[in-house]
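Visitor: I'd like a close look at a single part of this protein rather than a quick tour of everything. Could you pick one helix and walk me through its surroundings?

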Amino acid sequence: MEKTEYIVPCHFGLEAVLKREITDLGLEITCVEDGRVTFAGDRQDLCRANIFLRSAQRVLIKMGSFHAETFEELFQGTKALPWEKYIPEDGKFRVAKAASVKSKLFSPSDIQSIMKKAMVERMKGVYHIDWFAENGADYPVRVFIKKDEVTVGLDTSGESLHKRGYRKLTAKAPIAENLAAALLMLTPWRGDRILVDPFCGSGTIPIEAAMMAAHIAPGKSRHFTAQDWPHVFPDSLWKKAREEAESMETPDVETQIQGYDIDEEMVSIARANARLAGVEHLIHFQQRDVAQLSHAKKYGFILTNPPYGERLSEKEALHALYRTLGERYQALDAWSMYVITSYEQAENAIGRKADKNRKLYNGMIKTYFYQYMGPKPTGSKR
């Protein structure tokens, strides 16, 4: 099969995690930029990327890139792209999202409108018709403009890849599944090590950990927009990728993953989500206050997304919550702790400066990933 470039957006600050994932799939990285990684591969690789990548947001076919400082240049650049290679005569095509940074063209609605007109003009000449019914499959387009350089992608994923399909019920401020997976990959934790989330909410962090431990591909059970394009991506390609995913699963792996929450209803929701993900048997969920956090074994990991303040009426209560977390962490023997939060006084409340601190975005919220490194187990290489 011929090779094509595919663009994979991710959370800002997690490009290195995504790059490693793509490389681990045996794929060729061609470019790494803020918020996205590009790789070269065939159509089978596109299917595999959608099904296997844990930290990605979506997978786009790179239609092309060009310089544009005026709407006329944007129109002509868009019109020059080979839309007919993917979009059939009855295809429903639209510019689903436009983003512009430090560029002369900055109005998303105007960018979307001009590009749609250019796509119509291109395909009128190819299909020799003046009107498109657009009653077929969906072909969403995404465009990024940075410093007047336009990059155009055709979205093969549809719904964001963080939507694995298992989270039917959520907490008030849940962490996205792909962000939770990326955070796990930023730690030395592996599936045979102890992992505790004392603020588990709807269970996302423990569930993502269990799926990683059992080698369950995050996208194996969901639908992708490009599945509706059989002339480009035949069913046989998706079937082969899913069979590869199923062959790698180890559902009977032994784990030590625990999720606690003070809210009994959230614990029930977490169990239900874990059941849908097929990993309920790999996680121990329990109603428990963070003040009761303890463990008899050494060398465990805490990875958690505590409240940021939205669910607490007073900042004083938030400070006390993080202080309790810090106290319980100090009482654990040789553990590591990783905390993602927007609470800027977290280190002060925890009572110790983090060994590492990484700035990340949880949705539109600026957060900090505080990393407290415990000692390595005796005889461990990690």
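Guide: What follows starts at helix α1 and works outward to the pockets, the cores and two odd loop residues. Keep in mind that this is a predicted model.

Let's begin with the helix itself. α1 runs over residues 15-24, and Glu15, Val17, Leu18, Glu21 and Ile22 are its buried residues. They sit on the same side of α1, because together they span an arc of only 160 degrees around the axis. Turn to the other side of α1 and you find Ala16 and Asp24, both exposed. So what does the buried side of α1 pack against? Its partners are three strands, β1 (4-9), β2 (28-33) and β3 (36-41), along with two helices, α2 (43-52) and α5 (177-185). Just after α1 ends, Gly26 adopts a positive phi of about 80 degrees.

Now for a pocket that α1 helps to build. The second largest pocket has a volume of about 640 Å³. It is lined by 23 residues, and the closest to its centre are Asp24, Arg54, Met185, Met212 and His215. Asp24 should ring a bell: it is one of the exposed residues of α1. Two or more lining residues come from each of α1, α2, α5, α6 (204-213) and α7 (235-248). Of these, α1 gives the most, with 4 residues. By type, the lining of this second largest pocket splits into 13 nonpolar, 3 polar and 7 charged residues.

Then there's the largest pocket, which holds about 1100 Å³ of space. It has 32 lining residues, and those closest to its centre are Cys10, Phe12, Gly35, Gln57 and Phe144. Here the strands β5 (92-101), β6 (138-146), β7 (149-155) and β13 (356-362) each contribute at least two residues to the lining. The largest share, 5 residues, is from β6. The lining of the largest pocket counts 13 nonpolar, 10 polar and 9 charged residues.

β6 also leads us to an unusual backbone spot. Asp148 is in the loop between β6 and β7. Its phi is positive, about 70 degrees, even though Asp148 is not a glycine. That's worth a second glance, because most residues other than glycine have a negative phi. Is Asp148 buried or exposed? With a relative accessible area of 9%, Asp148 is buried. A similar case turns up at Tyr299, another residue other than glycine with a positive phi, this one near 65 degrees. You'll find Tyr299 in the loop between β10 (283-287) and β11 (301-304). Its relative accessibility is 19%, so Tyr299 counts as buried, the cut-off being under 20%.

Last stop, the nonpolar cores. The largest one has 64 residues, and Val279 and Tyr322 have the most contacts inside it. Setting aside neighbours within four places in sequence, Tyr322 touches Pro306, Pro307, Tyr308, Val339, Thr341, Tyr343, Ala346, Ala349 and Ile350. A separate, second core is made up of 57 residues, including Phe39, Val143, Val150 and Ala241.

To come back to where we started: α1 has a buried side that packs against strands and helices, and α1 also supplies 4 residues to the lining of the second largest pocket.

Technical notes
Residues numbered from 1 in each chain as written. Predicted model: local features only at pLDDT ≥ 70, side-chain atom pairs only at ≥ 80, totals over all residues. Heavy atoms only, no water. Buried < 20%, exposed > 50% of the residue type's maximum accessible area, 1.4 Å probe, protein only. Arc of directions from axis to C-beta. Contact = heavy atoms within 4.5 Å. 1 Å grid on protein atoms, 1.4 Å probe; cavity = no way out; pocket = protein on both sides within 12 Å on 5 of 7 lines; lining within 4 Å. Points joined across faces, edges and corners; volume = space filled by probe spheres on them. Nonpolar A, V, L, I, M, F, W, Y, C, P; charged D, E, K, R; others polar. Core = buried A, V, L, I, M, F, W, Y, C linked by side-chain atoms within 4.5 Å.
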